[in-house]
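Thanks for coming. I will take a few minutes to walk through one structure, so please have the view open in front of you.

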Protein chains: 2
Amino acid sequence: MQVPQFPDILKAYSRIKPVVRRTAVIESSSMNRLFKAQLFFKCEHQQKAGAFKFRGATNAVLSLSENAAQKGVATHSSGNHAAALALAASMRGIPAYIVMPESAPEIKVKTVEQFGGSITFCEPTLEAREKTLERLVAETGAAFIHPYNNFQVICGQGTAAIELIEETGTLDVVMAPVGGGGLLSGTALSVKHLLPQCNVIAGEPKMADDACRSLKAGQIIPSTYPDTIADGLRTSLGELPFSIMRNQVDDILTASEDAIKAAMVLLRNHVGILAEPSSAVPLAALMENRALFEGKRIGIIISGGNLNPDKYEFLKE
Amino acid sequence: MQVPQFPDILKAYSRIKPVVRRTAVIESSSMNRLFKAQLFFKCEHQQKAGAFKFRGATNAVLSLSENAAQKGVATHSSGNHAAALALAASMRGIPAYIVMPESAPEIKVKTVEQFGGSITFCEPTLEAREKTLERLVAETGAAFIHPYNNFQVICGQGTAAIELIEETGTLDVVMAPVGGGGLLSGTALSVKHLLPQCNVIAGEPKMADDACRSLKAGQIIPSTYPDTIADGLRTSLGELPFSIMRNQVDDILTASEDAIKAAMVLLRNHVGILAEPSSAVPLAALMENRALFEGKRIGIIISGGNLNPDKYEFLKE
């Protein structure tokens, strides 16, 4: 298992720079007053396809040789990675085969179709997903691009932190959400190289705290019955991200469901950001551990903004 | 014609405060570097119903006596005012009668319906609109709430600037877009009272520069053949807003269509704001008159965010 290093992230950055959006880093003085700290928000909800996932997907797609690329890419996902991979593939003019459960929400299906992805539906079990993907890969020769357990995907995700630090200069803490660990491990690699004194702290839903428990146990503990509004973070950790996180991540703080909802409202009201629930988890973790962060300069990666605000009653006020 | 004064805006503010959203004020250091100035963005694109219009509509609805309110409110509009009035009325539990041209885009029709507005379609001429509205008002006894030529609407719109200044403290310039003049005149009343030394400068599309010409001429010059991407600013000035603007607005700067598009991209990339074209006009005017603003503290009201980003090719990069 080859583990990415910072130079690999730099290579990814020069590869994807002409294609990905350099998203905004914004501040809010009312937010700073509220938390007695200086918060910088990296707006990956404004990334193409609506999430940081486009960075990793683009890097994976652009890393393929011409011959391999012609056969296309494949993945199983019903979330942001599927949309990001479909868009990245269409920008290189190659096919993207996406396996999705029949139960996937219509809006997610439409998004992938809109980006030119070719969808194969399967039964909504992990086994069916993997079998269907295997068959597709065998038939087409497409390259399987795992959403987070993938060298080039992790390198791509690490580029958001480079841009963040280019804007802010020195920081005391950088925060990101953790689900499979792709964003967190890429972020940690960049931060620890550029700002060795800076802490990397992840936010994770209390109701899906497998990463927190894994980091403490020193081995991957799978996510069981994750019941959280932060649907992007229900997945278990990947081995490759975990091997990076073990050395480079300082802490994982958990957040209650109420705090995640409150953080979504704060982000909307004080920062003007309509964040999907997963994106609000680091701020929620900060809210539940305020004392740790007072007086500090904190960068927070807002991971994505693909949400239907009408779905959340608490966002209507 | 009774002209609003600052105390009327304060009354409006205490009336609508429990209902409207206190929207974020945000900053971006890359934007500040770019313009050698300190820019504060008031995020009314995150207001309920997606625009500042909800402030004025709510104030108008809540200002009605119980008897008058029971008969409902009415307006003709195919834009943000219609949606805002429908929502404000539904929150008071009274009917909103909205006259819309048959040619109105389906998305605007759906938004008004979703907020519980009762739509009457008419032919797409000004005469048909006015006739249909007159008939509706005669039949129902509903109060006509003009989108900007209305005392209470102007007072409501002026509350955004109060919140802006509460966040920022002293400012050298406050900018807002000008269409009918409701937001601009309300903003000017608040700014000139709270920060008498602060300039109030409007942004207007060069292709619909009737307000700029009216201010110079000292009388309202109607908008003729306005052909601008900033569809919210195609309308002519109202008499009541104009009577305020004449005394309280320092300047109106115009912006080319290219600058408006470029400002939309800058807002998305550097401030994380997906602004409708009208909202980008003040920044566009600033971009075309940079020297005037260097070294200054500038508050910019982002008026609304109701747009379909897929409609604009230049937003896809």
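I will go from the domains of chain A to its sheets and one helix, and then to chain B.

One point before the details: this is a predicted model.

Let me start with the domains. Chain A is divided in two, with domain 1 made of 6-52 + 152-315 and domain 2 made of 54-148. The C-alpha centres of domain 1 of chain A and domain 2 of chain A are 24 Å apart. Where they meet, 28 residues of domain 1 of chain A are in contact with 20 residues of domain 2 of chain A. On the domain 1 side of that contact, α1 (6-16), α8 (151-157) and α9 (159-168) of chain A each supply at least two residues. The biggest share of the domain 1 side that touches domain 2 comes from α8(A), with 6 residues. Sorted by class, this side of domain 1 of chain A has 12 nonpolar, 14 polar and 2 charged residues.

Next, strand β7 of chain A, residues 173-177. Is β7(A) mostly covered or mostly open? It is mostly covered, since 5 of its 5 residues are buried. In a regular strand the side chains alternate between the two faces of the sheet. For β7(A), one side carries Val173(A), Met175(A) and Pro177(A), the other carries Val174(A) and Ala176(A), and all of these are buried.

Which strands pair with β7(A)? One is β8 of chain A, residues 199-205, which runs parallel to β7(A) and is joined to it by 5 bridges. Within that pairing, Ala176(A) has Ala202(A) of β8(A) as its bridge partner. Another is β10 of chain A, residues 297-302, which pairs with β7(A) in the parallel sense over 3 bridges. There, Met175(A) has Ile300(A) of β10(A) as its bridge partner. There is also a helix to add: β7(A), α10 of chain A (residues 182-194) and β8(A) make a right-handed β-α-β unit.

Now a second set of strands in chain A. Here 4 strands form an open sheet in the order β5-β4-β3-β6 of chain A, with parallel pairing. Which strands stand at the edges? They are β5 (118-122) and β6 (143-144) of chain A; each has a single partner strand, so one side of each is left without a neighbour in the sheet. Elsewhere in this sheet, β3(A) and β4(A) run parallel and are joined by 4 bridges. As an example, Ala74(A) has Tyr97(A) of β4(A) as its bridge partner.

On to a helix, α5 of chain A, residues 80-92. It has 13 residues and reaches 19 Å from its first C-alpha to its last, close to the 18 Å expected at 1.5 Å a residue. How many of the residues of α5(A) are buried? The count is 10 of the 13, so α5(A) is largely enclosed by the rest of the structure. Among the buried residues are Asn80(A), His81(A), Leu85(A) and Leu87(A). What do the buried residues of α5(A) pack against? They pack against α3 (53-63), β3 (73-76), β4 (96-101) and α6 (106-114) of chain A. So two strands just described in the open sheet, β3(A) and β4(A), turn up again because the buried residues of α5(A), a helix with 10 of its 13 residues buried, pack against them. After α5(A) comes Gly93(A), with a positive phi near 75 degrees.

That brings me to chain B. Its contact with chain A involves 19 residues of chain B and 19 residues of chain A. On the chain B side, β1 (25-26), α2 (29-35) and α13 (257-271) of chain B each supply at least two residues. The most comes from α13(B), with 4 residues. By class, the side of chain B that touches chain A has 6 nonpolar, 8 polar and 5 charged residues.

Last, two residues of chain B with a positive phi. Ala49(B), a residue other than glycine, has a phi near 65 degrees. It is found in the loop between β2 (38-43) and α3 (53-63) of chain B. Tyr225(B), also not a glycine, has a phi near 45 degrees. Its place is the loop between α11 (210-217) and α12 (239-248) of chain B. Which of the two words, buried or exposed, fits each of them? Ala49(B) counts as buried because it has 25 C-beta neighbours inside 10 Å, and 20 or more is the cut-off. Tyr225(B) has 7 C-beta neighbours inside 10 Å and therefore counts as exposed, the limit being 12 or fewer.

That is the end of the walk-through.

Methods. Residues numbered from 1 in each chain as written. Chains lettered and ligands numbered in written order. Predicted model: local features only at pLDDT ≥ 70, side-chain atom pairs only at ≥ 80, totals over all residues. Contact = placed C-beta atoms within 7 Å. Nonpolar A, V, L, I, M, F, W, Y, C, P; charged D, E, K, R; others polar. Expected span 1.5 Å × (residues − 1). Domains from an automatic or database assignment. Pairing = 2+ DSSP bridges. Right-handed = clockwise from strand over helix to strand, strands pointing away.
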